[in-house]
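Here is a guided walk through a protein structure for someone new to reading them. Keep the sequence and the 3D view side by side, and look up each residue as it comes along.

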Amino acid sequence: MKRLVFLLLWLIGVFLLAKNVPTWSIQTEYSDLLTPSSKAVLAKQKALRIEVFALPDSPAAALVNNFLQPLVGELVEVTVEYIDFFNNPKLIQTYGINKQGEMIVYSDEKKFHLSTLSYEAFFNGLKKIEQTEDQWIVFLDQIDGKSFDAGQSDGLNKWIKALSNSNYRSVVLPFSENMILPKEVKLIVLASPTLNFTDSHVDWLQLQISQGTSVLWLADPATALLQPGLSLLFDVMRTDAYHQGHLIIKAFPEHPVNQAFDRPLDFIEVMPYQTNNAVLWQNEQNQTLASTQEIDDSRLMVVGDSDFLSDAFLHSGGNLEMSFRLIDWLLHNDNRIDLPTIGSQGTQLHYQKNEILFFSGIMLILIPVILLVIGLIKWRKSK
């Protein structure tokens, strides 16, 4: 009897786990981690030459070799050269090399500087030398929004640095309704402004949009109330409620930005809103958390949370990786969106509320009940 009850409970537990726990796939080789789109990018490269600023037998070179291993097998022709970091001061100064392990990647006459072992940076570097158009991102300052200074946990300094390390070009400029942006500026970022955008400010934004410049508005529950002009321009109608604390999102609607994205997003006090635009993210109640629209050659995006890209939460879940996707879509770099992320530092487990309740039920109810039943059976048998 005891064995039958234990077996029955065990089968029920296995069934519930198999139904509710996400599946995991085992990758046998590094190359298995490359997406088809990334392999297509590598296959287009006729010949690459990579200069590594480190000695071949150094620890830095070992790290670089591990980094390059999944890429080399997909390249048609590649040459890797090692340069002594300490005995080539002029070369290091010329290329702006700061530490061992940095690389210069050449493709014919073009090249890019890879300062970090990041696959996003590597693929974006390849795309950068392929494209002929110069694209710049402008973060508007002096709009009483997020700080861009280092040391501010709620600021965006680390995100701007991460974009730079991944070969995106960005600059922070003080906002003025009379400012004239060069044609190379393809994206304007409004980082949770509290400065009321007047009709003249909105007219300036509309002018940029009419000239083919995309706009990203990182909104917040409190700051959105102060922006009726922006809300009208972006078609945002804020609801009365908002999510307090963290909100983990793991399921995503069909949208080019979300293709093959399988990491959780960690939001902090995100704002649901109503809109007629395309839904990018939504909560479990199907309320919109982010949306997009296209106006001629411009792309507009509203995200109801700016804190998920702040210094404190940028590396939580897939926030950083998703931020690259947002930028690429806004810059019309659709062929970059599905490029891979292989490995991540400081990986964390992120659970939704129902998942936390499920696992808590197993630990606090199911397992104690099983032990109690076994104990009662033993007690009755011994009596």
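Asp 328 is a residue of helix 10. As this is a predicted model, everything said about Asp 328 and the other residues here is computed from predicted positions. Is Asp 328 buried or exposed? Its relative accessibility is 2%, and buried means under 20%, so Asp 328 counts as buried. What does the side chain of Asp 328 meet there? It makes a polar contact of 3.0 Å with the side chain of Tyr 168. If you set aside residues up to four places away in sequence, Asp 328 touches Asn 124, Tyr 168, Asn 333, Asp 334, Arg 336 and Ile 337.

Helix 10 also leads us to the nonpolar interior. The largest nonpolar core contains 40 residues, and those with the most contacts inside it are Trp 159, Leu 216, Trp 281, Val 303 and Leu 326. Helix 10, which spans residues 319–330, gives this core its largest share, 7 residues. A second core, separate from that one, has 26 residues, including Leu 140, Met 179, Ile 209 and Leu 233.

Now pick out Trp 159. Apart from its neighbours within four places in sequence, Trp 159 is in contact with Phe 139, Leu 216, Leu 218, Leu 309, Asp 311, Leu 314, Leu 320, Ser 323 and Ile 327.

Next, move to strand 14, residues 288–295, where you will find Ala 290. The relative accessible area of Ala 290 is 0%, so this residue is buried. Which residues does Ala 290 touch, not counting residues up to four places away in sequence? They are Tyr 273, Ala 278, Val 279, Leu 280, Trp 281, Val 302 and Val 303. You may recognise Trp 281 and Val 303 from the list of residues with the most contacts inside the largest core. Try one distance as well: Ala 290 and Gln 274 are 16 residues apart along the chain, and their C-alpha atoms are separated by 9.8 Å.

Strand 14 holds Glu 294 too. From the C-alpha of Glu 294 to that of Asn 277 is 9.1 Å in space, while the two are 17 residues apart in sequence. Leaving out residues up to four places away in sequence, Glu 294 touches Arg 299 and Trp 329. The side chains of Glu 294 and Arg 299 are joined by a polar contact of 3.5 Å. Arg 299 in turn lies over the face of Trp 329, at 4.6 Å from the ring centre. A similar thing to look for is Arg 49, which lies over the face of Tyr 106, at 4.1 Å from the ring centre.

Rings can pair with one another as well. A pair of aromatic rings is described by the distance of the centres and the angle of the planes. How many aromatic pairs are there in this model? The count comes to 16. Take Phe 112 and Phe 122: their ring centres are 6.2 Å apart and their planes stand at 70 degrees, so the pair is edge-to-face. Phe 112 lies in strand 4 (residues 110–114) and Phe 122 in helix 5 (residues 119–130), so the pair ties together parts that are 10 residues apart in sequence. Phe 112 is buried, at 3% relative accessibility, and Phe 122 is buried as well, at 1%. Both belong to one aromatic cluster, which is formed by Phe 67, Phe 112, Tyr 119, Phe 122 and Phe 123.

Helix 5 also has a part in the packing of helix 2. In helix 2, residues 36–43, Ser 38, Val 41 and Leu 42 are buried. These residues cover an arc of only 95 degrees around the axis, so they sit on the same side of helix 2. The buried residues of helix 2 pack against helix 3 (59–72) and helix 5.

Finally, look at the backbone. Most residues other than glycine have a negative phi. Asp 108 is not a glycine, yet its phi is positive, about 55 degrees. Asp 108 is in the loop between strand 3 (103–107) and strand 4, and it is exposed, with a relative accessible area of 66%. Asp 235, also not a glycine, has a positive phi of about 60 degrees. Look for Asp 235 in the loop between helix 9 (228–234) and strand 9 (237–238); at 27% relative accessibility, Asp 235 counts as partly exposed.

Notes:
Residues are numbered from 1 along each chain as its sequence is written. This is a predicted model: local features need pLDDT of at least 70, side-chain atom pairs count only at pLDDT 80 or more; totals for chains, interfaces and linings use all residues. Side-chain values use heavy atoms; hydrogens and water are left out. A nonpolar core is a set of buried Ala, Val, Leu, Ile, Met, Phe, Trp, Tyr and Cys residues joined through side-chain atoms within 4.5 Å. Buried means under 20% relative accessible area, exposed over 50%, partly exposed in between (1.4 Å probe, protein chains only). Helices (H or I, at least four residues) and strands (E, at least two) are DSSP runs, numbered from the N terminus. Contact means heavy atoms within 4.5 Å. A polar contact is a pair of N or O atoms within 3.5 Å; within protein, one must be able to donate a hydrogen and the other to accept it, and residues adjacent in sequence count only if both atoms are side-chain atoms. Rings of Phe, Tyr and Trp (its six-membered ring) pair if their centres lie within 6.5 Å; planes under 30 degrees apart count as stacked, over 60 as edge-to-face and the rest as tilted. A charge sits over a ring if NZ of Lys or CZ of Arg is within 6 Å of the ring centre and within 35 degrees of the ring normal. The arc is that of the directions from the helix axis to the C-beta atoms.
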